[in-house]
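Here are some notes to read alongside the model, written as numbered points so that each can be checked against the structure in turn. Please keep the picture open while reading.

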Amino acid sequence: MSTIPSPSDAAPVRGVIADDERLMREQLRARLAEVWPELQIVGEAKNGLEAVDLVAQHHPDVVFLDIRMPGLSGVDAARRIAQLPVPDGDDEWALPEIVFITAYDQYAIEAFEQGVADYVLKPAERERLAVTVSRIKQRLALRGTEDEPPAPHLQQLLHKLAAKLNPGGTPPALKWIQATVGQAIQMIPIEDVLFFISDEKYTRVQTATIEALIRKPIKELVDEVDPDLFWQIHRSTLVNTHCIAGVTRDLRGRQIVSIKGNNEKLEVSRSYTHLFKGM
């Protein structure tokens, strides 16, 4: 894993490249220098774990991930990146834009068409890369503005791509939650859960009548629940989409989710505000 120092007198868009083939990393870097000269590559990784570490260290604006890497695929790396903790003092840190690098067109077309992530086919061609760069620049420029377009849920896309990469290897979505209620263990049907909220040690499971605790963090739950039923709206919160009563804004402009039959208000972090565009 290599880290490239950044100029002290500029603040360009920052990027990370991850590919297990050195020649592919060099080629992509060269092509990016041609079509996006102001992009600053702050790190290069040769596997998914290194990519996650570099993102946690540098908080880049865009990450180029080889979809197939040893140890941790690009899809799995993206899932871990989506669960990285918020940097200290920066509750509004947004997730980086994701670009998958792949020789397998069938895995990438869905990501490209949904618009939640982009892709580059190996070897990276200048013309196609220029299209990707144009899309990313537009998304970055519109972030946090009223004109920011709605986008499908990254969680849903990564779940589908993981299933395609590993057919038969993705376990079925959770049907029951085994949770502690007082001194007893109770089996809670997943559809009865209004929301999950995590702290450092436990995750609270809230239903209309029960408040329970489990020792499973959100970053694990998000890979086990049905992504169409449960949306992640914060790094510590999953909400049942069937139980959302509405979305409002508080005095600071933050989106707040109201839950049917429950008085608790759930904050939406910046990385997930696109879920409620137009609401």
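1. In this predicted model, the residues lining the largest cavity divide into six nonpolar, one polar and one charged. The residues concerned are Met24, Gln27, Leu28, Ile101, Val120, Leu121, Lys122 and Ala124, and, as an exercise in reading such a list, the polar one can be picked out as Gln27 and the charged one as Lys122.

2. The cavity itself holds about 40 Å³ of space, and the count of cavities of 30 Å³ or more comes to one. Which elements each supply at least two residues of its lining? They are α1, spanning residues 22–35, and β6, spanning residues 118–121, and the largest share, three residues, comes from α1.

3. The helix α1 also takes part in a packing with helix α5, which covers residues 126–142, and here the two axes come within 10 Å and cross at roughly 65°. Angles from 65 to 115 degrees count as roughly perpendicular, and α1 and α5 are therefore described as roughly perpendicular to each other. The crossing of this pair is right-handed.

4. On the α1 side, the contact with α5 is made by Leu28, Arg31, Leu32, Glu34 and Val35, while α5 contributes Arg126, Leu129, Ala130 and Val133. These residues divide into six nonpolar, no polar and three charged. Leu28 deserves a second look, as this residue of α1 belongs to the contact with α5 and is also among those that line the largest cavity.

5. A second pair to examine consists of helix α2, residues 48–58, and helix α3, residues 74–82, which pack at an angle of about 25° with their axes 9 Å apart. Since angles under 35 degrees count as roughly parallel, α2 and α3 are therefore placed in that class, roughly parallel to each other. As α2 passes α3, the crossing is right-handed.

6. Which residues make the contact between α2 and α3? From α2 they are Gly48, Leu49, Val52 and Val55, and from α3 they are Ala77, Arg80 and Ile81. Sorted by character, the residues of this contact divide into five nonpolar, one polar and one charged, where the polar one is Gly48, because Gly is counted among the polar residues in this scheme.

Terms used
Residues numbered from 1 in each chain as written. Predicted model: local features only at pLDDT ≥ 70, side-chain atom pairs only at ≥ 80, totals over all residues. Heavy atoms only, no water. 1 Å grid on protein atoms, 1.4 Å probe; cavity = no way out; pocket = protein on both sides within 12 Å on 5 of 7 lines; lining within 4 Å. Points joined across faces, edges and corners; volume = space filled by probe spheres on them. Helix = DSSP H or I, 4+ residues; strand = E, 2+ residues; numbered from the N terminus. Axes fitted to C-alpha atoms, helices over the stretch in contact; angles between N-to-C directions. Parallel < 35°, antiparallel > 145°, perpendicular 65-115°, else oblique. Left-handed = near helix turned anticlockwise from the far one by under 90°. Contact = heavy atoms within 4.5 Å.
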